[in-house]
Amino acid sequence: MLIIFLLVLLFRAGRCTDDLIFETKTVDVGEDVKLTCTRKTSDHDVTLFWIRLVSGNLPEFLGGTFAFDYDGVNETPRITAKQGPGTFLLHISEAELSDTGLYYCIKVDVLDMKFLKGTFLRIKGPEPDITAIIQVPPSDPVRPGDSVTLQCSVLFDSEKKTCAGDHSVYWFRAGSDESHPSLIYAHGNSGDQCEKSPEAQSTQKCVYNFSKTVSSSDAGTHYCAVATCGEILFGNGMKLDTEGNCRTFPHNCEFHIFVCLETDGIH
């Protein structure tokens with residue numbers, strides 16, 4: 001019943017957002033967050049709701065109250081929705097990366113619904129300590145049936161390490177007929193070869209090799225990717241042409257995207 005109610009709210013939203021107040025808010029992981037929504041006690045037939053929209057999930061009901069003074073509280077282990085003087089408060093304690101999303105305060109008056117306030121809340125995690133991801137192409141032309149070794153070097157500053165856990169390294173391939181890269185290999189920790197840089201002792205270099213026998217289906221751009229600090233950082237990419245040779249793209253093609261590491265998809 002709750003899901004149906006929320007869907008009704010969303011379908012009606014396009015006609016009810018003229019006076020919507022929208023803001024963006026960025027806080028660090030672990031901080032407390034307080035969102036407020038105006039409440040007029042003279043609106044006796046009005047109810048207020050907080051909902052959350054997170055990418056890949058259904059709308060989530062966080063709490064509701066009446067416009068008149070009411071001491072009811074909606075509470076989960078980290079999220080509390082309750083009244084304050086002339087306000088409807090949403091409090092998130094010890095924010096996590098998964099709390100990033102759109103938060104809406106909605107006013108419902110019998111059959112009329114209005115979005116009062118929207119907040120895009122971004123939870124900022126530790127900055128990655130990766131300084132460079134370098135992909136090295138094979139030195140000789142590659143043809144179907146050949147054995148090829150793809151190499152990826154990851155440089156990071158050990159003194160600036162702010163994220164718990166080790167880096168996870170993956171290989172993705174993007175063919176000409178694919179809209180998204182597909183995962184083809186994930187490295188374990190046993191084959192890592194890491195050493196300190198002679199120029200700067202705080203800089204470490206880890207080299208990851210991925211060997212395979214090439215077939216015509218391997219044509220496309222191969223990316224080395226490192227998961228760290230709630231992000232996946234992609235290398236500059238290497239195009240594998242099974243009829244000719246391999247080449248790397250210019251370094252300025254390097255990019256990164258945000259992901260939710262609890263899911264299997266790339267966002």
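**Entry 1: strand pairing**

I count two strands as paired if DSSP finds at least two bridges between them. In this predicted model, I looked up strand 6 and strand 7 with that rule in hand, and they pair in the antiparallel sense over 6 bridges. For one register point I noted lysine 82, whose bridge partner in strand 7 is leucine 89. The two strands form a hairpin with 2 residues between them, and in the turn glycine 86 has a positive phi of about 70 degrees.

I then turned to strand 5, which is joined to strand 6 by 2 bridges, with the two running antiparallel. Here glutamate 75 has threonine 80 of strand 6 as its bridge partner, and the hairpin between strand 5 and strand 6 passes through 3 residues.

Putting the pairs together, I find an open sheet of 4 strands in the order 2-7-6-5, with antiparallel pairing. Strand 2 and strand 5 (74-75) stand at its edges with a single partner strand each, so one side of each is left without a neighbour in the sheet. As for burial, strand 6 is mostly covered, since 5 of its 6 residues are buried.

**Entry 2: the nonpolar cores**

Which residues of the largest nonpolar core touch the most other members? I find Val33, Trp50, Leu90, Tyr103 and Leu121, out of the 20 residues that the core holds. The elements that give two or more residues to this core are strand 2 (33-38), strand 3, strand 6 (79-84), strand 7, strand 8 (101-109) and strand 9 (112-124).

I took tyrosine 103 as a case to follow by hand. Leaving aside neighbours within four places in sequence, I see tyrosine 103 in contact with residues including Leu35, Trp50, Ile51, Leu62, Leu90, Ile92 and Leu121, and its list of contacts also includes Arg52 and Lys117. Apart from the largest core lies another core, of 19 residues, among them Ile133, Val148, Leu150 and Cys224.

**Entry 3: disulfides**

A search of the whole structure gave me 2 disulfides. One joins cysteine 37 to cysteine 105, with an S to S distance of 2.1 Å, and at -80 degrees about the S-S bond this link is left-handed. The pair links distant parts of the chain, with cysteine 37 in strand 2 and cysteine 105 in strand 8, 68 residues apart. Cysteine 37 is buried at a relative accessible area of 3%, and cysteine 105 is buried at 0%.

The other disulfide joins cysteine 152 to cysteine 224 at 2.0 Å, S to S, and this link is left-handed with -75 degrees about the S-S bond. Cysteine 152 lies in strand 11 (residues 147-157) and cysteine 224 in strand 16, so the pair ties together parts that are 72 residues apart in sequence. I noted 0% relative accessibility for cysteine 152, which counts as buried, and 0% for cysteine 224, which counts as buried too.

**Entry 4: aromatic pairs**

I find 9 aromatic pairs in the structure. Phenylalanine 49 and phenylalanine 61 have ring centres 6.0 Å apart and planes at 55 degrees, so this pair is tilted. Phenylalanine 49 belongs to strand 3 (residues 46-53) and phenylalanine 61 to strand 4 (residues 60-66), so the pair ties together parts that are 12 residues apart in sequence. Are the two rings' residues buried or exposed? Phenylalanine 49 is buried, with a relative accessible area of 15%, whereas phenylalanine 61, at 29%, counts as partly exposed.

Next I checked tyrosine 223 and phenylalanine 234, an edge-to-face pair with 5.9 Å centre to centre and 75 degrees between the planes. Tyrosine 223 sits in strand 16 (residues 220-228) and phenylalanine 234 in strand 17 (residues 231-234), 11 residues apart, and both are buried. I also noted that ring pairs link Phe66, Phe68 and Tyr70 into a cluster.

**Entry 5: confidence**

Before relying on any of this, I looked up the pLDDT, which averages 77 for the protein, with 75% of the residues scoring at least 70. Among the elements, strand 7 (residues 87-92) has the highest mean, 97, and strand 20 (residues 255-258) the lowest, 30.

Over residues 1-17 pLDDT stays under 50, and the model has 22 contacts beyond four places in sequence for them. Over residues 244-267 pLDDT also stays under 50, and there the model has 55 such contacts. My caution here is that where pLDDT is low, the predicted coordinates should not be read in detail.

Notes
Residues numbered from 1 in each chain as written. Predicted model: local features only at pLDDT ≥ 70, side-chain atom pairs only at ≥ 80, totals over all residues. Heavy atoms only, no water. Phe/Tyr/Trp six-rings, centres within 6.5 Å; stacked < 30°, edge-to-face > 60°. Buried < 20%, exposed > 50% of the residue type's maximum accessible area, 1.4 Å probe, protein only. pLDDT = per-residue confidence, 0-100. Contact = heavy atoms within 4.5 Å. Core = buried A, V, L, I, M, F, W, Y, C linked by side-chain atoms within 4.5 Å. Disulfide = S-S within 2.5 Å.
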